[in-house]
Amino acid sequence: PKLYPMPMSAADEGWNSLSGIADGPRMNATFVTLARNSDIWEIARSIRQIEDRFNRRYNYDWVFLNDKPFDATFKKITSSLVSGKTHYGEIPKEHWSFPDFIDQEKAKKVREDMKQRKIIYGDSVSYRHMCRFESGFFFRQPLMMNYDYYWRVEPSVELFCDIHYDPFRFMKENGKKYSFVLSLYEYVETIPTLWDSVKKFMTNHPEHIVEDNSMGFLSDDGGETYNHCHFWSNFEVGDLNWLRSKAYTDFFESLDQDGGFFYERWGDAPVHSIAAGLLLKKEEVHFFNDIAYYHVPFTHCPTGEKLRTELRCHCNPKDNFDWKGYSCTSRYFDINGLSKPEGWENQSD
Ligand code: GDP
Ligand code: MN
């Protein structure tokens, strides 16, 4: 029989140079995913893409967290997909329940009211536990204590470009502590008193507010009011030791005491973002233009045609959210005095 011809492209230089295990050191870092057993096929899609575009060459570990025990299927599928080691943790009750200072009746009335007003996840108890957990507890789970950096991954996200270097190493070598790919305005209805709570914290803990911070990203009037800009936290690469620091834990505890995770519906995105904006120096917050990402309903497709070609991207540049009116990413560039990537004007309509 005739041999089936081998497509030459499979053996060309470009493919080979990216097909093996990457040289160089590894950071003390892990992927982290909070998920339910029922999320298995959605998280499998996310993992497959992270592996294909990056981790097959780096083999970083992956920590899975759940408020219930993971079942055998979840463990079997995820461990078969991840090229690094997988770890499975069950969240303790104290990190996934109402603190005793919360007035249950009041919280219930809020949920009923938000249901009437059709506020997204407004009537959900579990969503509130999730937001509070991601705000205050994921980074201090026993399994996470072994690591210095994390990359958060949610079910059903997409990566559209190759990642040609180690983002964890980039963070460490450049002193970055928090990073994002998408930013936008938060729904006001979910956080009406969050900024009051932040101002209280700033008054009580001036020692934690960093001089060269990103207040200009968060506020248009020097901190009087919040403009609702936040980094979208379903994607994050960050420094766990920063989240475990006194500054961040004081911040979380102060907000938590005010009850807004239950009396409103504070998200972990504005909480992390405000913390990054006030407790970190501007230059410690990084925007990854070259990590192409989708989480319903927004896309970050890198600006710059050359970059997209080199990274073998498959996103439509027209879908890029960065320079649209509802994105806060222009503001990030402005306050940091960064010039926007070439070609951004063509994507702003
Ligand atoms: P959205 O992105 O804000 O629409 O919220 P998601 O439904 O994606 O939830 C955010 C993250 O928390 C995802 O990683 C979910 O898998 C996870 N999650 C949400 N609710 C629960 C829950 O009740 N239990 C567990 N274990 N994970 C949850
Ligand atoms: Mn999600």
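Are C161 and C313, the first stop of this tour, buried or exposed? Both C161 and C313 are buried. The model on display is a predicted one, and the stops below proceed from the disulfides to a loop residue, then to a helix and finally to the ligand.

**Stop 1: C161 and C313**

Select C161 and C313 and display their side chains. The two residues form a disulfide, with 2.0 Å between their sulfur atoms. The bond brings together distant parts of the chain, 152 residues apart: C161 belongs to the loop between β5 (158-159) and α6 (167-173), while C313 belongs to the loop between α13 (305-310) and α14 (329-335). The link of C161 and C313 is right-handed, with 115° about the S-S bond.

**Stop 2: C229 and C328**

Next, select C229 and C328. Here a second disulfide can be displayed, with an S to S distance of 2.1 Å. It also links distant parts of the chain, 99 residues apart, with C229 in strand β8 (residues 229-231) and C328 in the loop between α13 and α14. Measuring the torsion about the S-S bond of C229 and C328 in the viewer should return a value of about -85°, so this disulfide is left-handed. Both ends are enclosed: C229 is buried because its relative accessible area is 0%, which is under the 20% limit, and C328 is buried at 1% relative accessibility.

**Stop 3: C301 and C315**

Move to C301 and C315, which are joined by a disulfide with an S to S distance of 2.1 Å. The two cysteines are 14 residues apart, C301 in the loop between β12 (298-300) and α13 and C315 in the loop between α13 and α14. The torsion about the S-S bond is about 75°, so the disulfide of C301 and C315 is right-handed. C301 counts as buried at 0% relative accessibility, and C315 is buried with a relative accessible area of 10%.

With these pairs on screen, the structure's 3 disulfides have been visited. Counting bonded cysteines along the chain, the disulfides follow the pattern 1-4, 2-6, 3-5. One further cysteine, C131, takes part in no disulfide; the nearest cysteine sulfur, which belongs to C328, is 18 Å away. C131 is nevertheless buried, at 1% relative accessibility.

**Stop 4: N320**

Remain in the loop between α13 and α14 and select N320. At 0% relative accessibility, N320 counts as buried. Its side chain makes a polar contact of 3.4 Å with the side chain of T303. Which residues surround N320, once its neighbours within four places in sequence are left aside? They are T299, H300, C301, T303 and Q347. C301, already seen in its disulfide with C315, is therefore worth keeping on display here.

**Stop 5: helix α4**

Select residues 104-116, which form helix α4. The helix has 13 residues and extends 19 Å from its first C-alpha to its last, close to the 18 Å expected at 1.5 Å a residue. Colour A107, V110, R111 and M114, the buried residues to inspect in α4. They lie on the same side of the helix because they cover an arc of only 100° around its axis. The buried residues of α4 pack against α5 (125-136) and α11 (260-263). Rotate the view to the face turned away from the buried side, which carries the exposed residues K109 and Q116.

Now examine the two ends of the helix. At the N-terminal end, D103 acts as a cap, with a side-chain oxygen 3.0 Å from the backbone nitrogen of E105. Just after α4, K118 adopts a positive phi of about 55°.

**Stop 6: ligand 1**

Finally, select ligand 1 and display the residues around it. There are 14 such residues, of which L34, D39, D67, Y121 and Y127 come nearest. Where does the backbone approach a nitrogen atom of ligand 1? A polar backbone atom of A35 lies 3.0 Å from that nitrogen. Side chains approach oxygen atoms of the ligand as well: a polar atom of the D39 side chain is 2.9 Å from an oxygen atom of ligand 1, and a polar atom of the Y127 side chain is 2.5 Å from an oxygen atom of ligand 1.

Note on methods. Residues are numbered from 1 along each chain as its sequence is written. Chains are lettered from A and ligands numbered from 1 in the order in which they are written. This is a predicted model: local features need pLDDT of at least 70, side-chain atom pairs count only at pLDDT 80 or more; totals for chains, interfaces and linings use all residues. Side-chain values use heavy atoms; hydrogens and water are left out. Helices (H or I, at least four residues) and strands (E, at least two) are DSSP runs, numbered from the N terminus. The expected span of a helix is 1.5 Å times one less than its number of residues. Buried means under 20% relative accessible area, exposed over 50%, partly exposed in between (1.4 Å probe, protein chains only). The arc is that of the directions from the helix axis to the C-beta atoms. Contact means heavy atoms within 4.5 Å. A polar contact is a pair of N or O atoms within 3.5 Å; within protein, one must be able to donate a hydrogen and the other to accept it, and residues adjacent in sequence count only if both atoms are side-chain atoms. A disulfide is a pair of cysteine sulfur atoms within 2.5 Å. A residue is near a molecule or strand if one of its heavy atoms lies within 4 Å of it.
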